[in-house]
Amino acid sequence: RGFFALTGLVGLALAGCGGANGNRGSLGFANRLRIPPVLDPRPGADGVKRFPLLMRPGQAEFLPGRPARTWGINGDYLGPTLRVRRGDKVAMAVTNLLPEASTLHWHGMRLPAAMDGGPHQLIASGGTWNPAWTVDQPAATTWYHPHPHGETSEHVYRGLAGMFIVDDEHSAELPHTYGVDDVPLIVQDKVFDEDGQLEEAFAGTFGLLGDQVLVNGTHDPFFEVTTTRVRFRILNGSNAHVFTVGFADDRRFQVIASDAGLLRAPATVDRVRISPGERFEVVVEFRPGEQVVLRGFAGDSAVEKGDYDLLKFVAAQQLAASPELPRTLAGRSPVEPGERVRKFRLGGSNINGNEMDLARIDEVVAAGAREVWELDNITYEHNFHIHEVAFRVLTVDGEEPPEHLRGPKDTVFVPGGAKVRLAVEFGPHTDPKVPYMYHCHILKHEDKGMMGQFVIVPPGTEDQTPRTLQLTG
Ligand code: C2O
Ligand code: CU
Ligand code: CU
């Protein structure tokens, strides 16, 4: 059976799905949640794990009988879940069969800038890009998506994204059977036209804000629970929409990890707000035979509007007993703030008054540095992502954030008018000529220029580092 074959019930009338309240209350949960296939190759004789990835046009039947034109990676929509262990040597072969140039960025991976897949690592149509690195970071849920300057909205929206899971020696203590008790949930909002095509409705301050939500590319999904505890890796892969996720019955659940890895201990919540690019791992308990809906609850800003039923869980009559969740997790020690403070004023489509310029280096950072980055949002809602790093949210408007936001992260929601302070830790890879990015992950803002570039250089060489780049090609 194909990933997009409909299972179970008759497709519901789409007419019931729209309206001010999004999907809520009108779903039949007719489709089995698609689980992206795992790509976990055996190492070759040289010890390297090779990942062939093919970006290509496709066709996916999100709505019954109305196949949509899509883009996908090794498939019609989204890409495989890549799974590696800390210490693995990996080599990617990314082939671009799209009609235009693109890139593939490893969001959350700590690697040399030339391997990062940002806007400087364009892959021409018909070309192949071969980055390779050694995975050296704690277990985390990372992801990958294109990053061509000015085109990221379109490329991600059409379907180019996938999960990239890093395991380490502690991973076995937590639920880890993929697709059973360790389940990816890639949440993305869409607008469909009358023919069921993805409508590229990018107008407006935030760009696309959809009235339909897909999980793992599945419209109107259900998931069959077979164990008493399930770990969900939730990724907001939307262009702009911010979802505050929780259950229709308000049950509590445990957050065990944020973007860059495990927390020090599970944090109990009934809601977790997830902005584009952010990931949270949560563990949920289920009772035999029950059904419960996971919902995105509306917030009070334009990027949070509407309630959306994301997914229905259907628990089997008999559930296999899961091990207890450990009281403490193997999370790394908190990122400590350094002395150096950098300030970033977030405008509507600029940072510190500057729009993105591929030839300009905005910041020069010493390898291994710890710094404080202060975000001052002088406009409406944004978020902020930094490539390569792990950071900790110190304060939001002077207040310490809730427990589940104190762990290692790489992307943070920045409410309208808010001030956010981050303790940021930079990696060891230096390259004065190839920058990493920091940007708003509301993709329209990023595409319009709300992005800057930094290089990591050997300590002591910051002052000699050129601030302009000779762009080739
Ligand atoms: Cu998820 Cu610079 O991106
Ligand atoms: Cu990134
Ligand atoms: Cu923004």
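**View 1. W143 and its partner across two paired strands.** In this predicted model, W143 stands opposite M163, a residue of strand β11. W143 is a good place to start looking, and the strands around it come next. Strand β10 covers residues 140–145 and strand β11 covers residues 162–167. The two pair in the antiparallel sense, with five bridges between them.

**View 2. The open sheet that holds β10 and β11.** Step back a little and five strands come into view, forming an open sheet. Reading across the sheet, the order is β2-β5-β11-β10-β7. The pairing in this sheet is mixed. Which strands are the edge strands? They are β2 (38–39) and β7 (105–107), and each of them pairs on one side only.

**View 3. Strand β18 and its surroundings.** Now move along the chain to strand β18, which spans residues 253–258. Is this strand largely enclosed or not? Six of its six residues are buried, so β18 is largely enclosed by the rest of the structure.

**View 4. The hairpin of β18 and β19.** Strand β19 takes in residues 261–269, and five bridges join it to β18. These two strands run antiparallel. Together they form a hairpin, with two residues between them. To find your way across the pair, look for F253, which stands opposite V269 in β19.

**View 5. β18 and β21.** Strand β18 is also joined to strand β21, residues 279–285, by four bridges. Here too the strands run antiparallel. A handy landmark is S258, which stands opposite F280 in β21.

**View 6. Stretches named in the UniProt record.** An unreviewed UniProt entry places the feature "domain: Plastocyanin-like" at residues 58–170, 207–286 and 350–458. In the model, the end C-alpha atoms of residues 207–286 lie 37 Å apart, and this span is 0% helix and 64% strand. For residues 350–458, the end C-alpha atoms lie 28 Å apart, with 6% helix and 42% strand in the span.

**View 7. The whole chain, for orientation.** Zooming out, the secondary structure of the protein chain comes to two helices and 32 strands. Its radius of gyration is 21 Å, close to the 23 Å that the globule rule gives for 473 residues, so the chain is as compact as a globular protein of that length. Along its principal axes, the C-alpha trace spans about 65 × 55 × 50 Å. Of the 473 residues, 49% count as buried. Among contacts with a separation of 6 or more, 77% involve residues 24 or more positions apart.

Notes
Residues numbered from 1 in each chain as written. Chains lettered and ligands numbered in written order. Predicted model: local features only at pLDDT ≥ 70, side-chain atom pairs only at ≥ 80, totals over all residues. Buried ≥ 20, exposed ≤ 12 C-beta atoms within 10 Å, placed from the backbone. Pairing = 2+ DSSP bridges. UniProt positions renumbered as here; feature names shortened; annotations may be inferred. Rg over C-alpha atoms; globule rule 2.2 N^0.38 Å. Contact = placed C-beta atoms within 7 Å.
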